[in-house]
Amino acid sequence: MRRIKKRKRRKLIRFFVIIFLLFIIMIAASGFFLEIFFKAKTGITISEYSKQAEKIVDDSMKSDFTPNKTTYIYSDDGTRIAKLSEGKSSTYLKYEDIPKNVVNAFIAVEDRDFWKNDGYDMKGIFRGMINIVRYRKISGGGSTITQQLVRNTWLSNEKTFERKIKELILSYSLTYRYSKRRIMEYYINNCCFANGIYGIHDAAKIYLGKEVKNLTLSEIAYLCAIPNRPETYDPFKNPATALVRRNKILRAMRDIGQISDKKCKKAIQEKIKVQSQKKNKIYNYPTTYTVHCAVEYLMKKEGFNFEYSFSSKSDYETYKEKYQKVYQKWHTRLKTGGYKIKTSINLKKQREIQQIVNDTLSFDKTKNNGEYNLQGAVTVIDNQTGKVISIIGGREKNAIYSLNRAWQEPRQPGSTIKPLVVYTPALEYGYTADSMLKDIDVPEAYKAPELIDKQKAISYPLNYAVSHSLNGCAMYLFNQIGIQNGMSYLKEMSFSNITSTDISLSSALGGLTYGTTTSEMAAAYRSLAMHGQYLSNTCILSIKDDEGKEIYKQPAEKQVYRHEAADEMKDILSKVLVEGTGKDIQWYNYSDIKAYGKTGTTNSSKDGWFCGFTDDYTISVWIGKDNHKDIEGLYGGTYPAEIWKEAMLSMYN
């Protein structure tokens with residue numbers, strides 16, 4: 001029996017010796033393969049990157065660790081339009097001005113060995129290796145305070161091996177470049193506390209209305225909870241959520257002897273009172289539009305998948321929620337990233353067209369909450385470049401604006417949608433300007449859509465139906481070509497608010513669920529001017545990052561309508577201004593330049609539109625009230641067409 005036990009013991013010893021030797025071999029081999037992997041991914045060896053890391057750290061300055069950098073926006077001639085930042089410039093605190101409990105709170109929950117480690121945590125690395133083996137992916141968490149500072153300053157948050165290796169090398173170098181007190185100082189000032197707020201000083205002022213030196217232990221732990229997941233622990237959106245992590249921090253501080261159990265319990269019981277959120281600073285119409293275009297570009301650059309059709313209202317709302325979350329993140333990054341953005345906005349034309357809108361609508365001076373009741377929006381595009389030259393989001397009130405109706409306020413487009421979803425698609429399917437269309441009874445069509453073909457009605461040529469905006473003809477033709485087919489063109493042109501409920505007969509007349517904007521309509525009509533080629537609406541010419549590197553690539557045009565169909569539609573639209581619903585503006589009395597356009601009016605005259613173009617410019621105009629009330633005497637051929645005419649004439653002066 002003793003012999004058997006001895007043999008088992010010897011076997012067990014041999015097993016552990018073999019395992020140990022294999023472990024040593026694996027470490028040596030892993031170093032070799034790690035070197036090969038890193039070079040394959042980055043083009044340099046780990047030792048070469050170590051030298052680079054030393055130089056990066058040696059050349060670093062205090063300014064490298066302050067996150068908020070001002071972004072500037074410029075017009076087409078280089079005039080500065082706006083200076084952007086997120087809230088106030090972050091207030092920097094020196095280490096001696098940071099309360100001890102702030103330092104202790106971060107150490108307790110983020111990096112308990114901070115004062116002793118070399119910028120990395122071997123136990124954390126080992127746990128990460130186990131997770132890679134178990135789950136075959138790099139998991140988050142486990143980073144030291146120094147690693148987090150390095151990542152926020154020089155690296156991205158992507159979970160890759162090469163990024164993690166870079167992070168460890170830089171963290172080690174940083175530890176030997178700066179004192180621990182200085183690293184902690186940089187870290188606390190660099191932390192994001194949600195809503196574009198950086199540093200404990202501003203977090204205390206904005207969320208709690210206090211100087212950081214006057215914070216209680218409970219309030220400190222509450223604020224120190226936010227940087228772990230700023231979106232989740234946002235005090236404005238989720239004031240109660242951070243309490244759970246606050247309590248975790250307090251218990252961690254107690255467990256390592258930073259505070260007593262009595263202080264811990266008292267702090268957990270303390271109620272936190274978060275201040276109301278103050279409104280963000282708002283900018284003029286060209287600025288808000290530029291910011292929107294730039295944010296969406298950065299979202300796309302980082303891989304966000306934009307969607308333009310939805311199977312249900314629920315899918316649409318789910319997507320919009322996801323979109324808004326990512327949008328807000330990049331909105332903050334844009335305003336704190338130190339970008340230089342050049343636009344196609346022509347300030348002279350912007351002022352002129354703004355004045356045209358103001359003057360044309362000046363007969364109605366009634367207001368609601370300081371805003372004019374009667375409002376308008378205009379988008380002007382240079383056809384050759386496809387860029388927005390001018391964008392008017394409402395009647396001018398003062399130097400700043402709250403709502404840019406040209407892209408933020410979708411409205412029913414009325415008959416201006418017909419050329420896009422009915423007539424040009426029909427020309428693609430073989431119809432011509434002379435094709436005869438039944439002017440069916442619209443109410444009857446709604447009641448019995450299956451009997452549309454059997455309705456008895458007078459027929460008119462397609463070009464006449466367009467110029468005189470005959471609703472019955474449009475609905476008849478929409479049904480003939482297929483509703484789904486007609487609506488697919490809006491998806492191709494990135495209309496952002498189309499849902500499954502819009503696959504209906506009413507869409508032929510502009511009865512969309514959510515509607516559209518002048519910026520979307522101008523880009524769509526510009527495609528008719530440019531032989532069916534569509535270019536997404538934007539005013540961006542250039543975006544340079546904080547190092548002066550160009551990161552913007554011009555979007556490519558795509559063929560949405562066949563060349564022949566777009567050109568035939570263009571010719572048909574010229575008759576609207578000669579003999580149709582747009583003739584009252586008497587375009588040819590003012591200009592010998594040929595123009596093309598379409599009027600639009602919604603039920604009860606709640607919205608009036610005119611969308612049109614010349615060979616050089618496309619202009620889309622909307623008039624309506626913010627409260628969606630009826631407007632007596634409003635038709636597409638009245639105020640909208642008048643503004644369109646004056647705006648177009650100004651483009652040639």
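In what sense do strand β14 (residues 607-613) and β15 pair, and over how many bridges? The two strands pair in the antiparallel sense, over 7 bridges. The model discussed in this report is predicted.

## Overall composition

The protein contains 23 helices and 15 strands. Of its 653 residues, 50% are buried. Among contacts with a separation of 6 or more, 71% are made by residues 24 or more positions apart.

The exposed surface of the protein comes to about 32,100 Å². Carbon and sulfur atoms supply 51% of that area.

## The five-stranded sheet

Strand β15 belongs to an open sheet of 5 strands, ordered β7-β6-β15-β14-β13 with antiparallel pairing. The edges are formed by β7 (387-392) and β13 (596-601), each of which pairs on one side only. On average, neighbouring strands of this sheet are turned by 10° against each other, direction ignored.

Two helices are associated with these strands. Helix α23 (residues 639-651) packs on the sheet and touches β6, β7, β13, β14 and β15. The direction of α23 makes about 145° with that of β15. Helix α14 (residues 347-360) lies across β6 and β7, and runs at about 40° to β7.

## Strand β15 and its partners

In the strand order, β15 stands between β6 and β14. Strands of a sheet pair through backbone hydrogen bonds, in either a parallel or an antiparallel arrangement. Strand β6 (residues 374-382) pairs with β15 in the antiparallel sense over 9 bridges. On the β14 side, a hairpin of 3 residues provides the connection from β14 to β15. Ile 623 of β15 illustrates both pairings: Gly 376 has Ile 623 as its bridge partner, and Gly 608 stands opposite Ile 623.

Is β15 enclosed or open, and why? Of the 9 residues in strand β15 (residues 617-625), 9 are buried, so the strand is largely enclosed by the rest of the structure. Burial here means a relative accessible area under 20%. Both faces of the strand are covered. One side carries Tyr 617, Ile 619, Val 621, Ile 623 and Lys 625, all buried. The other side carries Thr 618, Ser 620, Trp 622 and Gly 624, which are likewise all buried.

## The surroundings of Thr 343

Thr 343 is located in strand β3 (residues 340-343). Its relative accessibility is 0%, and therefore Thr 343 counts as buried.

Which backbone atoms lie by the side chain of Thr 343? The side chain reaches the backbone oxygen of Tyr 74 at 2.8 Å. A polar atom of the same side chain of Thr 343 lies 3.2 Å from the backbone nitrogen of Ile 345. When neighbours within four places in sequence are left aside, Thr 343 is in contact with Ile 73, Tyr 74, Ser 75, Asp 76, Ile 81, Thr 290, Cys 539 and Leu 541. Tyr 74 thus appears both in this contact list and as the residue whose backbone oxygen the Thr 343 side chain reaches.

## Lys 320 in helix α13

Lys 320 has its place in helix α13 (residues 313-336). Not counting residues up to four places away in sequence, Lys 320 touches Ser 496 and Asn 497. Lys 320 and Asn 497 are 177 residues apart in sequence, while their C-alpha atoms are 9.5 Å apart in space.

Definitions and conventions
Residues numbered from 1 in each chain as written. Predicted model: local features only at pLDDT ≥ 70, side-chain atom pairs only at ≥ 80, totals over all residues. Heavy atoms only, no water. Buried < 20%, exposed > 50% of the residue type's maximum accessible area, 1.4 Å probe, protein only. Helix = DSSP H or I, 4+ residues; strand = E, 2+ residues; numbered from the N terminus. Pairing = 2+ DSSP bridges. Polar contact = N/O pair within 3.5 Å; in protein donor to acceptor, adjacent residues only side chain to side chain. Contact = heavy atoms within 4.5 Å. Axes fitted to C-alpha atoms, helices over the stretch in contact; angles between N-to-C directions. Areas by Shrake-Rupley, 256 points an atom, 1.4 Å probe, with all protein chains shown as cover.
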